Structure formats: C-alpha cells, structure tokens
Amino acid sequence: MRQVNLYVEQTNKAINPQDGVYGYVLEFLREEKDSIKKEDYKMIKDSTAHQTELIAIAEALSRLTEQCHVTIFSAHGFYKAALIRKWIIKWQQSGWKNAKGEPVANQKEWEKLIVELARHSVITGSIGEHPYSKHMLEKMRKMEG
C-alpha cells in the first residue's frame with residue numbers, strides 16, 4: 001500500500017464562522033527516491049476552524065486514486081480526538097447527537113470525511129506545527145491579500 005503523509009493548514013482559527021484559506025500537501029513517500037508532493041489551496045467563506053479542517057482533510061483524501069496508508073498532520077486536533085475517542089461511531093449510533101443529546105456540529109462534513117477515511121488506512125500524526133507549516137501559511141496569507 002502506498003505511503004502518504006497529509007499536511008493540513010488553515011488561516012481560520014476561530015470557533016465563529018469567518019472567511020479564510022485552507023491548504024494541504026500530499027506527500028507520496030517512495031523508497032530510494034525523493035517524495036512526490038501535491039498541494040492545493042482554496043478560499044472558504046463563512047466557516048469555523050473545525051469545519052474548515054474537516055473539509056480540507058476530506059478533500060485531500062478524495063484526491064487519492066488508490067487505497068493508501070495515510071498519516072494526517074494538522075495544526076488542530078479536533079478531528080484526531082474524534083477518531084481516537086471513537087466519537088464518530090457514537091455520533092452515528094445516536095443519530096448524530098453528541099453526549100449532551102444535541103445535534104453534532106458539522107454533520108455534513110463529518111459524513112464526507114467518513115466516506116474518505118473508509119477508503120484508506122489512516123493514522124493521526126502529531127498536532128501543531130509540521131514541516132510544511134510556514135510554507136503553507138505564507139501561500140495562504142498571500143491569497144488572503
């Protein structure tokens with residue numbers, strides 16, 4: 001199975017919806033050769049940091065045309081907590097209600113992510129700054145103007 005590292009960044013750091021930019025780098029690892037990198041950046045309107053992160057991860061995973069072993073690195077960790085603590089499974093079983101019985105935020109984005117996660121073997125990497133953080137943030141800030 002092909003080994004891929006996925007690095008995600010965004011300019012939106014707020015819990016309240018706002019405009020911003022997100023980006024990702026797909027790093028295809030190869031033995032005895034340099035890795036191959038594909039990156040993409042997009043503007044997003046009226047989105048929270050959590051929502052933007054889910055959109056970016058699902059979109060990046062959708063670009064993979066074959067089943068891969070993917071390690072996800074992100075500055076934010078909400079998706080990681082949901083995976084590790086199996087919140088997604090609990091939400092599905094409860095009809096997309098959280099532990100308080102309230103509707104889960106960003107259900108549509110979680111459902112898209114679930115479809116993409118099922119296509120691959122996924123693990124979560126470290127949270128916080130990663131090797132592409134500065135490069136990605138510079139590109140995104142230029143897009144914001």
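**Reading the labels on a predicted model**

Visitor: Why is R30 called partly exposed?
Guide: The relative accessibility of R30 is 36%. Buried needs under 20% and exposed needs over 50%, so a value in between, such as the 36% of R30, is called partly exposed. Keep in mind that this is a predicted model.

Visitor: Where is R30 found?
Guide: R30 is in the loop between β2 (18-28) and β3 (36-47).

Visitor: What makes R30 eligible for a surface patch?
Guide: A patch residue must have over 30% relative accessible area and no salt bridge. The 36% of R30 passes the first of these conditions. R30 gathers with R2, K33, K38 and R63 in a patch of positive charge on the surface.

Visitor: Why does Q93 count as exposed?
Guide: Q93 has 67% relative accessibility. The cut-off for exposed is over 50%, so Q93 is classed as exposed. Q93 belongs to helix α3 (residues 87-93). Its C-alpha atom is separated by 31 Å from that of Y24, with the two positions 69 residues apart along the chain.

Visitor: How many aromatic pairs does a search of the whole structure find?
Guide: The search finds 7. One of them is formed by Y7 and F73.

Visitor: Why is the pair of Y7 and F73 called stacked?
Guide: The ring centres are 5.0 Å apart and the planes make an angle of 15°. A pair needs centres within 6.5 Å, and stacked needs planes under 30 degrees apart; both values meet these limits, so Y7 and F73 are a stacked pair.

Visitor: What makes this a link between distant parts of the chain?
Guide: Y7 lies in strand β1 (residues 2-10) and F73 in strand β4 (residues 68-74), 66 residues apart.

Visitor: How do you know that Y7 and F73 are buried?
Guide: Y7 has 5% relative accessibility, and F73 has a relative accessible area of 17%. Buried means under 20%, so Y7 and F73 both qualify.

Visitor: Why is the pair of W87 and W91 called tilted?
Guide: The centres of these rings are 6.1 Å apart, with 40° between the planes. The distance is within 6.5 Å, and the angle is neither under 30 nor over 60 degrees, so the pair of W87 and W91 is tilted.

Visitor: Why are W87 and W91 separated by about one helical turn?
Guide: Because they are 4 residues apart in helix α3. Their accessibility labels are partly exposed for W87, at 25%, and buried for W91, at 9%. The 25% falls between 20% and 50%, whereas the 9% is under 20%. Ring pairs also link W87 and W91 with F78, W96 and W110 into a cluster.

Visitor: What makes the backbone of W96 worth a remark?
Guide: Phi of W96 is near 65°, a positive value in a residue other than glycine. W96 sits in the loop between α3 and α4 (107-118) and counts as buried, since 9% relative accessibility is under 20%. Phi is positive for K86 too, near 60°. K86 lies in the loop between α2 (78-84) and α3 and is partly exposed, because 49% is not over 50% and not under 20%.

Visitor: How do you know that K139 and E39 form a salt bridge?
Guide: The N to O distance between their side chains is 3.5 Å. The limit is 4 Å, so the contact of K139 and E39 qualifies. This pair joins helix α5 (residues 133-144), which holds K139, to strand β3, which holds E39, across 100 residues.

Visitor: Why does the contact of K42 and D40 count as a salt bridge?
Guide: At 3.9 Å, N to O, the contact of K42 and D40 is within 4 Å and therefore counts. Both residues are partly exposed, K42 at 32% and D40 at 23%. Salt bridges that share partners join D40 and K42 with E59 into one network.

Visitor: Is E116, the salt-bridge partner of R119, buried or exposed?
Guide: E116 is buried: its relative accessible area of 12% is under 20%. R119, at 29%, is partly exposed. The closest N and O atoms of the two are 2.4 Å apart.

Conventions
Residues numbered from 1 in each chain as written. Predicted model: local features only at pLDDT ≥ 70, side-chain atom pairs only at ≥ 80, totals over all residues. Heavy atoms only, no water. Patch = residues over 30% accessible without salt bridge, like charges linked within 9 Å, V, L, I, M, F, W, Y side chains within 5 Å. Areas by Shrake-Rupley, 256 points an atom, 1.4 Å probe, with all protein chains shown as cover. Lys, Arg positive; Asp, Glu negative; His and termini not counted. Charge placed at Lys NZ, Arg CZ, Asp CG, Glu CD. Helix = DSSP H or I, 4+ residues; strand = E, 2+ residues; numbered from the N terminus. Buried < 20%, exposed > 50% of the residue type's maximum accessible area, 1.4 Å probe, protein only. Phe/Tyr/Trp six-rings, centres within 6.5 Å; stacked < 30°, edge-to-face > 60°.
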